[in-house]
Amino acid sequence: MAADAPSPVPPSLGAASFSCPRCGAFADQSWFRVFAHWYDEKSPPKPLDVAILQFLEKDADEHPDEPMRRRLVERYRRRFEGDPVLIKLGESDNVRFRVDNVDLSRCRSCGEVSLWLCERVIFPESQIIVRPNPDMPGDVKADFNEAAGIVDRSTRGAAALLRLAIQKLCIQLGLPGKNLNRDIAALVARGLDQQIQMMLDAVRVIGNDSVHPGEIDMKDDRETALQLFFLVNEIVDEMISKPQRVKALYDRLPETKRQAIEQRDKPKLPPPTESE
Ligand SMILES: [Zn+2]
């Protein structure tokens, strides 16, 4: 959050460009009208089902020469993300109704869709542009997005959810996730960088004081709430994205070089004694 970042241009119905509610970039937008087609009575919409996803995946694996099956998997998988998705239909599809007062805008920067009702963006919920780090694990991201969805109405609720998000992140990192204070202490004992420890503790203490009577009053403190989103993204970057990037680069070193490095850094053990 650089101080000199250009201020966002709020989305407005029909505008050629604005700050995208999905990715935050100031970007050109394409507009779509919405049409409706009734479901066959025998096949109404169905709740999402992991078993169907697994079935589609197996089917696609068994027919690698038929890319359409793989596209079905990707399409079904996108539904789990809970986002509206545009699907191109054939010329012959007989669509019967137009949905008035509902529109879609698609960002030319990220390609994602926002859903409008009347003159208001109703998806994504938050007009505050906070996007989770793409490497954020799914359940952590769910709390992050929920926090982004309510921060306009409740800064305290958002702070509490972000605290929950880093608690879940600790579980992902192999900690018990029952007591955040203890989990952070365990990470420090493992050699956690002090900067990350400070970020984690800031989210922990501010999130805690938002729900329990404490010394920090988060009520209507939007600026601090936004800082917490930034911190959670930074924490994920430090603890997940950066190690992944470094590992990917390191794995590209030739095997012989890596072995030489391992040899160099091997602890020098005393010569082995006879085992019993
Ligand atoms: Zn975008």
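On one side of helix α6, Gln 194 and Met 198 sit exposed. The other face tells the opposite story, with Met 199, Leu 200 and Val 203 among its buried residues. Keep in mind that this is a predicted model. Below is a quick look at α6, then at the sheet.

**Helix α6**

- Helix α6 runs over residues 194-211, which makes 18 residues.
- From first C-alpha to last, α6 reaches 26 Å, close to the 26 Å expected at 1.5 Å a residue.
- The buried set in α6 is Met 199, Leu 200, Val 203, Ile 206, Gly 207 and Ser 210.
- Those buried residues share one side of α6 because they cover an arc of only 145° around the axis.
- What covers the buried residues of α6? The cover includes α4 (155-172), α5 (180-189) and α7 (222-250).
- Gln 194 and Met 198, on the other side of α6, are exposed.

**The sheet**

- Here 5 strands make an open sheet, ordered β1-β2-β3-β4-β5, and the pairing is antiparallel.
- At the edges you'll find β1 (17-19) and β5 (120-123); each has a single partner strand, so one side of each is left without a neighbour in the sheet.
- On average, neighbouring strands of this sheet are turned by 50° against each other, direction ignored.
- In general, strands of a sheet pair through backbone hydrogen bonds, either parallel or antiparallel.

**Where β4 meets β5**

- Strand β4 covers residues 113-117 and pairs with β5 in the antiparallel sense, over 3 bridges.
- Which residue stands opposite Trp 116? That's Val 121, in β5.

Terms used
Residues numbered from 1 in each chain as written. Predicted model: local features only at pLDDT ≥ 70, side-chain atom pairs only at ≥ 80, totals over all residues. Helix = DSSP H or I, 4+ residues; strand = E, 2+ residues; numbered from the N terminus. Expected span 1.5 Å × (residues − 1). Buried ≥ 20, exposed ≤ 12 C-beta atoms within 10 Å, placed from the backbone. Arc of directions from axis to C-beta. Contact = placed C-beta atoms within 7 Å. Pairing = 2+ DSSP bridges. Axes fitted to C-alpha atoms, helices over the stretch in contact; angles between N-to-C directions.
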